[in-house]
Amino acid sequence: MVIHVPSGDPGDERGTLLSFVEAQRGAIRRSVLGLGREQAVSRPSASELTLGGLLKHVAEVELNWLRLAQQRENERARTRETWGEAFVLQDGETVEETLEFWAGIAAETEEFIRAVPSMDDTFPLPEAPWFPQGERVSMRWFLVHLVEEFGRHAGHADIVRESLDGQTAFALVALEQEAAEAKAAGAA
């Protein structure tokens with residue numbers, strides 16, 4: 001489903017990129033709308049992907065890239081042995097807590113990007129077989145990479161959600177809008 005991403009100020013590159021990142025976050029958040037834990041951790045296909053696992057993964061991915069850009073240690077860094085845990089809600093982990101965790105990271109990402117002196121500022125890519133050794137990337141690259149990463153997983157989430165209960169991205173957007181309107185009416 002196409003969701004319009006507001007352009008804001010045409011000269012605000014940071015705002016535009018952050019808006020596209022947020023649009024992809026929204027697609028993934030909507031994929032778990034109205035689900036209980038059992039549905040969030042279920043695997044409706046041969047794939048090992050679950051909606052709860054995708055949600056946790058994208059939150060940890062954003063944290064990892066943010067810490068790389070900040071050139072700070074990632075407090076939730078995964079090892080080869082714990083890598084698979086990033087794709088599974090463990091006992092005691094909930095969708096609600098994961099959404100809250102991700103919201104905090106999203107706010108920190110926006111604050112960081114708004115504060116960097118230039119979108120041309122760079123940071124080193126981590127050592128990995130799939131990255132060129134010694135390469136640096138810009139803050140712009142960081143945000144575009146988040147759009148790429150989240151867009152890919154939003155597509156996965158769409159398929160998993162529709163396989164679970166038939167809810168499509170269109171229906172989930174409408175459900176989200178109805179919930180927002182009901183909340184606004186209740187607050188008035």
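1. Let's start with Gln70, which touches Glu108 and Phe112, leaving aside residues up to four places away in sequence. Keep in mind as you look around that this is a predicted model. Gln70 itself sits in helix α3, and Phe112 is among the buried residues of helix α4.

2. Is Gln70 buried or exposed? With a relative accessible area of 18%, Gln70 is buried, because the cut-off for buried is under 20%. Its side chain also has a polar partner: the side chain of Arg67, at 2.8 Å.

3. Now have a look at helix α4 as a whole. Helix α4 runs over residues 95-115, which makes 21 residues. From its first C-alpha to its last it reaches 30 Å, close to the 30 Å expected at 1.5 Å a residue.

4. Which residues of α4 are buried? They are Val95, Thr98, Trp102, Ile105, Ala106, Thr109, Phe112 and Ile113. Try turning the model until you look down the axis of α4: these buried residues fall within an arc of 130 degrees, so they line one face of the helix.

5. What covers that buried side? The cover over the buried residues of α4 includes α1 (13-31), α2 (37-40), α3 (51-70) and α5 (139-165). Gln70 fits in here, since Gln70 belongs to α3 and touches Phe112.

6. Next, flip to the other side of the helix. The face of α4 turned away from its buried side carries the exposed residues Glu96, Glu100, Glu111 and Ala115.

7. Glu110 is worth a separate stop. It is found in helix α4, and at 37% relative accessibility Glu110 counts as partly exposed, because that value lies between the 20% limit for buried and the 50% limit for exposed. How far apart are Glu110 and Arg14 in sequence and in space? They are 96 residues apart along the chain, while their C-alpha atoms are 8.9 Å apart.

8. Last, find the largest pocket, with a volume of about 730 Å³. It is lined by 22 residues, and the closest to its centre are Asn64, Arg78, Trp83, Pro126 and Trp130. The elements that give two or more residues to this lining are α3 and α5, and the largest share, 6 residues, comes from α3. You have met both helices already: α3 and α5 are among the elements covering the buried residues of α4.

Methods: Residues numbered from 1 in each chain as written. Predicted model: local features only at pLDDT ≥ 70, side-chain atom pairs only at ≥ 80, totals over all residues. Heavy atoms only, no water. Helix = DSSP H or I, 4+ residues; strand = E, 2+ residues; numbered from the N terminus. Expected span 1.5 Å × (residues − 1). Buried < 20%, exposed > 50% of the residue type's maximum accessible area, 1.4 Å probe, protein only. Arc of directions from axis to C-beta. Contact = heavy atoms within 4.5 Å. Polar contact = N/O pair within 3.5 Å; in protein donor to acceptor, adjacent residues only side chain to side chain. 1 Å grid on protein atoms, 1.4 Å probe; cavity = no way out; pocket = protein on both sides within 12 Å on 5 of 7 lines; lining within 4 Å. Points joined across faces, edges and corners; volume = space filled by probe spheres on them.
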